[in-house]
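Trainee: I have a model open and want to learn how to read its features. Can we go through them one by one?

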Amino acid sequence: EAVRRLSARQQQVVVHHYLKGYAYGETAALLDLNTRTVKSRLQKARGRLRKELETMTDSQVKPQIFSLTGPDMDALRWAVRFASDDIKRPVLRTVYLDAGGKIIATDGARLLLRNTEGCRDLAVPVLLGPLDGFRVPEAKSAVLTIGENEASLQAPGQPPGTIQVMEGPYVKYEMVV
């Protein structure tokens, strides 16, 4: 969102240099600019991005809310059961929700990957865990609310279950597969 607020010229150099990974010289060649111009635009863009991000982070983070169906609940239930219980590997003691609706869990030797409809609009990947004692209720539906530091799963007629949202680094499951 912050990049979209840059001028078109600044967007071009930011996308090529930071998002596509081109060096200064490569970015200059691709955009038919000299290297000094690329560096200058990047410097101005970084200043603008800093201001935009400060403004964005000052606003309250809104939780993401998802309605889970029976198959979504089954996928989440399997992922929670599948995740590792090895206390020496905390990132494996989580369930990874990926943008696009994927639910991923691993015990360190096997990988579970399930697609869901309910989480397909997830904006950014999330690690839920560690899962110590967390259970997904035997219900045909629930509401999953993901906040900045905590997520809750509310099934009809049952108390909500809460779990922390773990900060990255996130496992690149494409690499694992």
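Trainee: What percentage of the residues of the chain count as buried?

Mentor: Buried means under 20% relative accessible area, with a 1.4 Å probe and protein chains only. Of the 177 residues here, 37% meet that mark. Note that this is a predicted model: local features need pLDDT of at least 70, side-chain atom pairs count only at pLDDT 80 or more, and totals for chains, interfaces and linings use all residues. Residues are numbered from 1 along each chain as its sequence is written, and side-chain values use heavy atoms, without hydrogens and water.

Trainee: In what order do the elements of the chain run?

Mentor: Helices (H or I, at least four residues) and strands (E, at least two) are DSSP runs, numbered from the N terminus. The chain has 5 helices and 8 strands. From the N terminus, the order is α-α-α-β-α-β-β-β-β-β-β-β-α.

Trainee: What does the C-alpha trace span along its principal axes?

Mentor: About 60 × 35 × 30 Å.

Trainee: How many cavities of 30 Å³ or more does a search of the whole structure find?

Mentor: On a 1 Å grid over the protein atoms alone, a cavity is a set of points where a 1.4 Å probe fits but cannot get out; lining residues have an atom within 4 Å of a point. Points are joined across faces, edges and corners, and volume is the space filled by probe spheres set on them. The search finds 2.

Trainee: Which residues line the second largest cavity?

Mentor: Its lining includes Leu 76, Val 80, Phe 134 and Ile 163. The space in this second largest cavity is about 50 Å³.

Terms used:
On a 1 Å grid over the protein atoms alone, a cavity is a set of points where a 1.4 Å probe fits but cannot get out, and a pocket is an open set with protein on both sides within 12 Å along at least five of seven lines; lining residues have an atom within 4 Å of a point. Buried means under 20% relative accessible area, exposed over 50%, partly exposed in between (1.4 Å probe, protein chains only).
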